[in-house]
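Me: Please take a close look at how a single helix packs against its partners in this structure. A formal account with explicit criteria would suit me.

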Amino acid sequence: MDTEEPREQLESAVRQLLVERQQLLVTFCRAAGIAPGAAKEDEKSVLLHLCQVLMDYAALWQFEIHDALSRDDSPASGASDVLQAEQPMLMQAAKAMLDFNDLVDVALLEGRLMDLDPYLSSLGEVLAERFEAEDRVITVL
């Protein structure tokens, strides 16, 4: 049984989010740095890892932070207000993350890895905006 208070749980989730964000950035940079003509198995491995980290990151935000702030008994009502203001951007970013995951899944399922540079570039821009939005919520905490 979890004995942490809601505020401590939220702070713990934010610390974990920041650790996972760092892992996401490292993995993203690794995927973006795959040289054209790299071994397909290396490319596949890196892309699968990136997708896993993306989905883990999105789930942590949604289920550990967003949901906690959205509850009526939230220990941080000021952050809840900021969360509501940032919600459209956060939802758009979550959709872009899921779309990228689906794109990679389909490409790997069909056995074709196309040039993902434009998709990675777009994802990178969306992630940067998302991190800024998350940081605005986290700062209020």
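Reply: The following account treats helix H1 and its packing partners.

The model is predicted, with local features requiring pLDDT of at least 70, side-chain atom pairs pLDDT 80 or more, and totals for chains, interfaces and linings using all residues. Residues are numbered from 1 along each chain as its sequence is written, and side-chain values use heavy atoms, without hydrogens and water.

The chain has four helices and zero strands (DSSP runs of H or I with at least four residues, and of E with at least two, numbered from the N terminus).

Helix H1 covers residues 6–32 and helix H2 residues 40–70; their axes come within 9 Å and cross at roughly 160° (lines fitted to C-alpha atoms over the stretch in contact, with angles from 0 to 180 degrees between N-to-C directions). H1 and H2 are therefore roughly antiparallel (over 145 degrees). By class, their contact has 18 nonpolar, four polar and five charged residues (nonpolar: Ala, Val, Leu, Ile, Met, Phe, Trp, Tyr, Cys and Pro; charged: Asp, Glu, Lys and Arg; polar: the others, Gly among them).

With helix H4 (residues 117–140), the axis of H1 comes within 12 Å and crosses at roughly 165°, which makes H1 roughly antiparallel to H4. Residues of H1 including Val14, Leu17, Leu18, Arg21 and Phe28 belong to a set that meets H4 residues, among them Leu120, Gly124, Phe131, Glu134 and Asp135 (contact: heavy atoms within 4.5 Å). The contact of H1 with H4 has 13 nonpolar, one polar and three charged residues.

Note on methods: Parallel < 35°, antiparallel > 145°, perpendicular 65-115°, else oblique.
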